[in-house]
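Biologist: I would be grateful for a close look at a single part of this protein, explained for a student in the first year. Please follow that part outward to its surroundings, and give reasons where they can be given.

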Amino acid sequence: MTFDGKVFLPLLLLSSSLLSARAETPLPDAIAAPGEATVLTVHAEGAQIYECRAGADGKPAWAFREPIATLLVDGKTIGRHYSGPSWEHSDGSAVVGKAAGNAPGATPNDIPWLKLEVVAHRGSGILTAATTVQRINTIGGKLEGACDKAGAFKSAPYSADYVFLRKG
């Protein structure tokens, strides 16, 4: 088998330009943070926890209660995500966020992408400078429909990427 650079090089250039285009796809306006710089990007694996409660119509339905997730960088645990919503890094720094925008997930089963404003800091470390958190690339996590018993809990597995940003 011989190597034909005339075919290989154009394919290589095409594939790298497609990867670049995908990597540079802008985020939806509702969760964009123009002018902010990335402090840290982590991958999260966990569950969205739901509780059976009476809905606005009085019928029982699943209502979001809290997230529980492990934060990972290069496959290694570096922190956790839990109610608040809060993110805690293993260096002792932590932030709490408040929803400021959302965009739909890629499929109907995916929780929305979010933009959260950091409203509280704890400790000192890598998250100390964070002013905004984005939740992107969500997979799973949605739970809808009727439930049988008020007070019951159910979890829906999910994964997402969290991007911690700072102004300026």
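Modeller: Let us begin with Asn137, which is partly exposed because its relative accessible area of 36% falls between the limits of 20% for buried and 50% for exposed residues. The model under discussion is a predicted one. Asn137 belongs to strand β7, and this strand is the part I propose to examine. The backbone of Asn137 deserves attention, since its phi is near 55 degrees, a positive value in a residue that is not glycine. Most residues other than glycine have a negative phi.

Before going further, it helps to place the strand in the whole. The protein contains 1 helix and 8 strands, and along the sequence they follow the pattern α-β-β-β-β-β-β-β-β. There are 168 residues, of which 35% are buried. Among contacts with a separation of 6 or more, 60% are between residues 24 or more positions apart.

Strand β7 covers residues 132-140, and Thr132 is found in it. With a relative accessible area of 3%, Thr132 is under the 20% limit and therefore counts as buried. Its side chain makes a polar contact of 2.7 Å with the side chain of Glu36. When neighbours within four places in sequence are set aside, the contacts of Thr132 include Ala33 and Glu36, and also Lys115, Leu116 and Val118. Val163, Phe164, Leu165 and Lys167 are likewise in contact with Thr132. Thr132 and Asn137 thus make a useful pair for a student: Thr132 is buried, whereas Asn137 is partly exposed.

Our next topic is a pocket. The second largest pocket has a volume of about 230 Å³. It is lined by 15 residues, and those closest to its centre are Gln48, Phe64, Pro67, Leu114 and Arg135. Two or more lining residues come from each of β1 (36-54), β2 (60-73) and β6 (113-122). In terms of chemical class, the lining consists of 11 nonpolar, 2 polar and 2 charged residues. Rolling a probe the size of a water molecule over the atoms shows where empty space is left.

Following the chain onward from β7, we come to a covalent link. What does the disulfide join? It joins Cys52 to Cys147, with a distance of 1.9 Å from S to S. The search of the whole structure finds 1 disulfide. Cys52 lies in strand β1, while Cys147 lies in the loop between β7 and β8 (153-167), so the pair ties together parts that are 95 residues apart in sequence. The torsion about the S-S bond is about 85 degrees, so this disulfide is right-handed. Both Cys52 and Cys147 are buried.

A second example of sequence distance is offered by Ala69, a residue of strand β2. Ala69 and Ser159 are 90 residues apart in sequence, yet their C-alpha atoms are 8.3 Å apart in space. Ala69 counts as buried because its relative accessibility of 7% is under 20%. Beyond the neighbours within four places in sequence, Ala69 is in contact with Ala44, Glu45, Gly46, Arg80, His81 and Tyr158.

Two of these partners lead to another residue. Arg80 and His81 are also in contact with Ser86, as are Val95 and Val96, again leaving aside neighbours within four places in sequence. Ser86 is found in strand β4 and is buried, with a relative accessible area of 7%.

Beside Ser86 in sequence stands Pro85, in the loop between β3 (76-82) and β4 (86-89). The peptide bond that joins Gly84 and Pro85 is cis, with omega at about -10 degrees. Most peptide bonds are trans.

Finally, we may return to the backbone feature with which we began. Asp74, in the loop between β2 and β3, also has a positive phi, here about 50 degrees, although it is not a glycine. What is the relative accessible area of Asp74? The value is 77%, and Asp74 is therefore exposed, since the limit for that class is over 50%. Thus Asn137, with its positive phi, lies in a strand, while Asp74 lies in a loop.

Methods:
Residues are numbered from 1 along each chain as its sequence is written. This is a predicted model: local features need pLDDT of at least 70, side-chain atom pairs count only at pLDDT 80 or more; totals for chains, interfaces and linings use all residues. Side-chain values use heavy atoms; hydrogens and water are left out. Helices (H or I, at least four residues) and strands (E, at least two) are DSSP runs, numbered from the N terminus. Buried means under 20% relative accessible area, exposed over 50%, partly exposed in between (1.4 Å probe, protein chains only). A polar contact is a pair of N or O atoms within 3.5 Å; within protein, one must be able to donate a hydrogen and the other to accept it, and residues adjacent in sequence count only if both atoms are side-chain atoms. Contact means heavy atoms within 4.5 Å. On a 1 Å grid over the protein atoms alone, a cavity is a set of points where a 1.4 Å probe fits but cannot get out, and a pocket is an open set with protein on both sides within 12 Å along at least five of seven lines; lining residues have an atom within 4 Å of a point. Grid points are joined across faces, edges and corners, and a volume is the space filled by probe spheres set on the points. Ala, Val, Leu, Ile, Met, Phe, Trp, Tyr, Cys and Pro count as nonpolar, Asp, Glu, Lys and Arg as charged, and the others, Gly among them, as polar. A disulfide is a pair of cysteine sulfur atoms within 2.5 Å.
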